[in-house]
Each structure stands twice: as structure tokens, then as C-alpha cells.
Amino acid sequence: QSVIREKLLSALSDSPDDFLSGQALADIAGCSRAAVWKHIEELRKEGFVLEAVRKKGYRIIGSPDSVTANKLKIGLKTKTLGQYIHYEETVGSTQKVAHELAANGAPEGTLVIADEQTDGRGRLMREWHSSKGTGVWMSLILKPLLPPQKAPQFTLIAAVAVVQAIQETTGLEPQIKWPNDILINGKKATGILTELQAEPDKISSIIIGIGMNVNQTQEHFPDELQSIATSYGMVAGRSLSRSDIVQKVLERMEALYELYMAKGFTPIKLMWESYAVSIGKRITARTINGSIEGYARGITEEGVLQIEDDTGQLHHIYSADIEL
Ligand code: BT5
């Protein structure tokens, strides 16, 4: 069923100015003309604006600002990432759904995405605010043949992908705050959560959760986020297309993932450092074992943060919250 709708949409989107007859569409989709009509109705319910003119046929004149599988597939230029999309309008957490799918054999590149999360989560089970229709709440499943220790690098790969995708779609220049925050104008607009299903020596699946604030206005955020959160749309001063952003994130992520598997972490590390806010600055890292203050010197080949304290001693930070 959804395959037919995908074929109809792709044919209609390929020739936006022309009408395609019911028969032509039926041939393309491999179904009856009556079925074409039914699927067109379904697409209209999804928010696509489809004009129908007697004796001419159908054409597409508008599409919703949605992140449904149908919408995301139009013009998506990837080989694997996002080729299988699991969309839900409302979900507890896309991360949870992705964990289940991964455990049940979902292929590499599977994308879980929702219009709203009611129980979005950050690290250490912290809440992730995910209001309806305003952001990108997605989890991507990758299955690299790597040992589990490499997993944290994927947070950094995803951060580079997000920065590049935002630059390309909006012209904004976001910055990365180690390990998993992306800031714009000094406030958080994206958080990344990388989780793992693994055997002792081998990753089974990496699940990369990405939460991006796109079209929120200040009122969308609860009190506790007022001074620390923002959205790309607010900073750009216009409403942005969530689907364009998701497509670009998938495209950049695919390119970076290929680069990483071919050449290792070094080229990614260089890009990451060029976008990082904290490198060279005096910071405080709050870890579960206490705080360390000093100058952020860079990240290691493993993606571990190095801080030099006032005695000149170098500390390796695996996980922490950073204060600038
Ligand atoms: C993160 O955790 O930043 C990772 C967030 C990952 C969210 C995605 S959405 C899709 C997928 N499904 C999920 O359930 N999760 C992933 P952390 O570094 O622990 O930061 C959490 C903190 O960020 C919270 O304690 C708040 O202070 C703040 N926060 C919560 N919601 C926010 C938002 N929408 N924008 C900016 N900051 C937020």
C-alpha cells in the first residue's frame, strides 16, 4: 500500500508542472485507476495538495511541512540511510522504538522519526522536550563492523553531520559543545544520544538519537529551558522545512560514515574541532566522579576530551557536562 503511494508521489513530484492522467499513474504504480483515486485521497489526508482536473488528471501543488515517510522519501539522495523509514505521529521515544526494531533485525540505515515525543530522553534519563510539529525527533540505526569502544565516536560524527546539514539548509553556523550539544547563538538547539546494542567484542547496532529544535518559538519551551534552549527557525527568523533538514542530515551522515569506515576518525576529528566551541577555552567538566577545571585542549583519536588543569596535568574526559 505505502509502496504505491510512494510511487505516485515520486511520479507526481518529478513533473510538478504537468498533469498525469489516472491511467498513467495506474501504470506507474501498477494498480487500478480506482486504487489511484483512493491513494490520492490518503495522500490528501497526509497534507499533500493534489489538484485533479477532469480529462487531464492529477498534479501536485503543495506538500505539508511533515516528516512522514512519504514526505521524506521525495528527493532523498542516499543509498542506505533513511531508505527504510518508520514514522509515527506520536511516540514515547523514537529511541525506544529504534531499540526494538534493531533487536528484531531492522536493516542498517533504518530511520525512526516522529512528529511528537511524549517521553523524549537525553543522557542519564534526563527529559528531552519534543513538542509536536516543531522539531526533528529521530533515531538512526547503524550496524558498523566495529568493537563497542568505537561507539562514542558516532556522537561526534552525527554532530558534524548536523552542523553541515544546518549550514547547507539555512546558512546558519552552529557550533558543537562536546560531546553531544549543538548550539546556535550560545543556546542549545540539538542534542544527540548514542546508544548501543553489542556483544562483548562487536557492535550489533548503534542507535543515534538526534533531537533538533527547528520551528519552536520561545513560548514552546517550558520555563526551565527558557534561558538555555533555542531553535534554528528562531535564529534564522523564518520557518524552516523539517524534511529538508532531515534529508540533509541523512545525506551528510551517510557521506561521513563512509569516510569514517574508509579512513578512520582523523578526518572527522579535524572537521569536528573546526566547529567546536570549547577547544582552547577554560571550561569546567562535571563528571560523576567530580568536577575538573582547566583548558580544553582537544579531542583524542577516540573522541575523548582532553582538559589541562592549572598544574599542567592532562585529564581524559569520557563523559561529562561542560560549562563554558
Ligand atoms: C541530549 O541529552 O542532549 C540528548 C537528546 C537526544 C534527544 C533525541 S530526540 C530523538 C531521540 N529520542 C529520544 O528519546 N531521545 C533522542 P543531554 O545532554 O542529557 O541533555 C538533556 C538536557 O537538555 C535536559 O536536561 C535539558 O536541560 C535540556 N533540554 C531538554 N529538552 C531540550 C530541547 N528541546 N532543547 C534544548 N535543550 C533541551
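This passage describes the overall build, the domains and the ligand surroundings of a predicted model.

The protein chain holds nine helices and 14 strands. Along its principal axes, the C-alpha trace spans about 80 × 45 × 30 Å. The radius of gyration of the protein chain is 22 Å, which agrees with the value near 20 Å that a compact globule of 324 residues would have. Buried residues account for 40% of the 324 residues. Among contacts in the protein chain with a separation of 6 or more, 61% join residues 24 or more positions apart.

The protein chain is divided into three parts: domain 1 covers 2-62, domain 2 covers 69-275 and domain 3 covers 282-323. The centres of domain 2 and domain 3, taken over C-alpha atoms, are separated by 24 Å. Ten residues from domain 2 and seven residues from domain 3 take part in the contact between them. On the domain 2 side, the elements that give two or more residues are α6 (152-170) and α9 (266-275). Of these, α9 provides the largest share, with four residues. In character, this side of domain 2 is made up of five nonpolar, two polar and three charged residues.

Turning to the ligand, 28 residues lie around it, and S93, G122, G191, G209 and G211 come nearest. Several elements each supply at least two residues of this shell, namely α5 (94-103), β5 (135-142), β8 (187-199) and β9 (202-213). The shell divides into 14 polar, eight nonpolar and six charged residues.

A database record adds a further view of this region. Under "binding site", an unreviewed UniProt entry lists Q117, R121, G122, R123 and K188. G122, listed in that entry, is also one of the residues that come nearest to the ligand in the model. Two of the listed arginines deserve a closer look. R121 is found in the loop between β4 (111-117) and β5, and R123 has its place in the loop between β4 and β5 as well. Are these arginines buried or exposed? R121 counts as buried because it has 21 C-beta neighbours inside 10 Å, where 20 or more are required. R123 has 17 C-beta neighbours inside 10 Å and therefore counts as partly exposed. Leaving aside neighbours within four places in sequence, R121 is in contact with S93, Q95, R126, E127 and W128. Of these partners, S93 is itself among the residues that come nearest to the ligand.

Key. Residues numbered from 1 in each chain as written. Predicted model: local features only at pLDDT ≥ 70, side-chain atom pairs only at ≥ 80, totals over all residues. Near = placed C-beta within 6 Å. Nonpolar A, V, L, I, M, F, W, Y, C, P; charged D, E, K, R; others polar. Domains from an automatic or database assignment. Contact = placed C-beta atoms within 7 Å. Rg over C-alpha atoms; globule rule 2.2 N^0.38 Å. Buried ≥ 20, exposed ≤ 12 C-beta atoms within 10 Å, placed from the backbone. UniProt positions renumbered as here; feature names shortened; annotations may be inferred.
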